[in-house]
Structures are given as C-alpha cells and as structure tokens.
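Me: Hey, I've just opened this one and don't know where to start. Can you walk me through it?

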Amino acid sequence: MSSMIQFVANHDDLSTDKGFQFKFYCDKCRNGHMSRFQPNSIGIAGELMRAAGSLFGGSFYDAGNAAYHVQRAIGGKAHDAALDKAVQEGKQYFKQCTRCGSWVCPDVCWNHSASLCETCAPDEQEELASQQRQAASEQIRTKTREQDYTKELDFLNTSGLVQCQSCQTKLAPGQKFCPNCGTPSVVAQAKEKFCVGCGSSMKPDQKFCADCGSKQ
C-alpha cells in the first residue's frame, strides 16, 4: 500500500471475486485512468468453496463466516499485489508536480513548459484569457449598474399593474385604450366624462354640463 501514498489521492477499487481492477483520478480535474483487468487465480476457488460451505450451513455464524471467505477471495496478498501492479501502470499516465506533490493528467492540468502542475504554474495564455473574461464581466456589471432602467416608471402610481378589462392585456401607465382590443381603460373611464345631453367633455366631479346645463 506504500505505492498508493506516492500516487493519486483518489481512486476506485473495482475488484470483484473474478479479478482486480482500479481507476485512478487526476488530483486536480479528476480525469481518470482505468487499469487493465487482472484475473484472480490465486486461491480464489478454495476460498469461494469454503464460503459456499459456510453459507449453506444455515446459521448466522456460518453466514458471517461465508462473508469472511468471500472477502478473502477478493482481498489479501493477491489484491495488494494487483494494486501495486496497477499503480505502477497508472503512474505512466500521470505526472507528479515536484512543487505540491499532486499527480495530474498531462493533457489538461500539466504545464509542460514549466514542468509543474497548472495550479502551481498556470499557463500564461490561459490565465490571461481567464483574467480578461473576469475583468470584462466585472466591467459589464459596473456599467450596467450605472444605467437608469427605471426612469420611465411611475413610482407614485399606487394602482399597481393595470390590465384591460376585456382581454387582460397589460396597459402602460396613462394608456386610455387597450392596444389589443380598443376597450377604454379604467383610467380613461375614470377621467373622461361626457354630457348626456350635448356630448360635451366634462370633468368627473361635474354635476351639471357647463355648455347646456343638463343635470348629469
């Protein structure tokens, strides 16, 4: 197991009773390498036979004993030897940073010109592009906040959203007729008043027409 300490920090043990296989992950981006499958031929038949014999014994103790034999069939010295072999194979697909000790994939996380991982020695062009995009994003946020997007809003309007009574189309503040169906808005109905006698325009609170004197 000492070899594993010198290798990637993360791995999956995919071993079964049929054989041994491991997947190793880049310490930075978690790109992985799958080791070649190694059949388990050392003592597996005997251990599985003992496991079957214990299991069919019928007691809880025998069932636990069976689990122990199954674990031995896929563990022990054969498992450790297979892991060590897989580690030696996997190291060929990763590079170790001498500055931080991480094992990383050479395609994504290794700076070949600096011979260090990109965490310790970022690629200049990638870092420049990243910083430019971050700066652009910050400038967009700053300039966006400098603009006034509410100057057309009536902050003193307490009536809230106005909709057409016929088709429920949203109406702009002060709009007298619905642009969709032509129905007079509530605002227009409240502000516009006409004499029942002569048709003259009147104020909403007028009780008599100023032109013909008709009572409203």
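Reply: Sure. Keep in mind that this is a predicted model. A good place to start is helix α4, which lies across β1, β3 and β4 and runs at about 40 degrees to β3.

Me: And those strands, in what order do they sit in the sheet?

Reply: The order is β1-β3-β4, an open sheet of three strands with antiparallel pairing. The average twist from one strand to the next is 15 degrees.

Me: Which strands are at the edges?

Reply: β1 (10-13) and β4 are. Each has a single partner strand, so one side of each has no neighbour in the sheet.

Me: How many bridges join β1 to β3?

Reply: Four, with the two strands running antiparallel. If you want a pair to look at, find H11: its bridge partner in β3 is F24.

Me: Ok, back to the helix. What should α4 span, going by its residues?

Reply: α4 covers residues 76-90, which is 15 residues, and at 1.5 Å a residue it should span 21 Å. Its end C-alpha atoms are 21 Å apart, so the model agrees with that.

Me: Which residues of α4 are buried?

Reply: A78, H79, A82, L83, A86, V87, E89 and G90.

Me: What does α4 give to the largest nonpolar core?

Reply: That core has 22 residues, and F7, F22, F24 and F94 have the most contacts inside it. At least two core residues come from each of β3 (22-25), α4, β7 (103-104) and β9 (116-117). α4 gives the most, with five. As a general point, nonpolar side chains in soluble globular proteins tend to be buried together.

Me: F24 rings a bell. Where did it come up?

Reply: F24 is the bridge partner of H11, in β3, and F24 is also among the residues with the most contacts inside the core.

Me: New topic: how many salt bridges does the structure hold?

Reply: One. The side chains of E89 and R36 meet there, at 3.4 Å from N to O. E89 lies in helix α4 and R36 in the loop between β4 (32-34) and β5 (38-39), so the pair ties together parts that are 53 residues apart in sequence.

Me: Is E89 buried or exposed?

Reply: Buried, because its relative accessibility is 11% and the cut-off for buried is under 20%.

Me: And R36, buried or exposed?

Reply: R36 is exposed, with a relative accessible area of 60%. So the salt bridge joins a buried E89 to an exposed R36.

Terms used. Residues are numbered from 1 along each chain as its sequence is written. This is a predicted model: local features need pLDDT of at least 70, side-chain atom pairs count only at pLDDT 80 or more; totals for chains, interfaces and linings use all residues. Side-chain values use heavy atoms; hydrogens and water are left out. The expected span of a helix is 1.5 Å times one less than its number of residues. Buried means under 20% relative accessible area, exposed over 50%, partly exposed in between (1.4 Å probe, protein chains only). A salt bridge is a side-chain nitrogen of Lys or Arg within 4 Å of a carboxyl oxygen of Asp or Glu. A nonpolar core is a set of buried Ala, Val, Leu, Ile, Met, Phe, Trp, Tyr and Cys residues joined through side-chain atoms within 4.5 Å. Two strands pair if DSSP finds at least two bridges between them. Axes are lines fitted to C-alpha atoms, for helices over the stretch in contact, and angles run from 0 to 180 degrees between N-to-C directions. Contact means heavy atoms within 4.5 Å.
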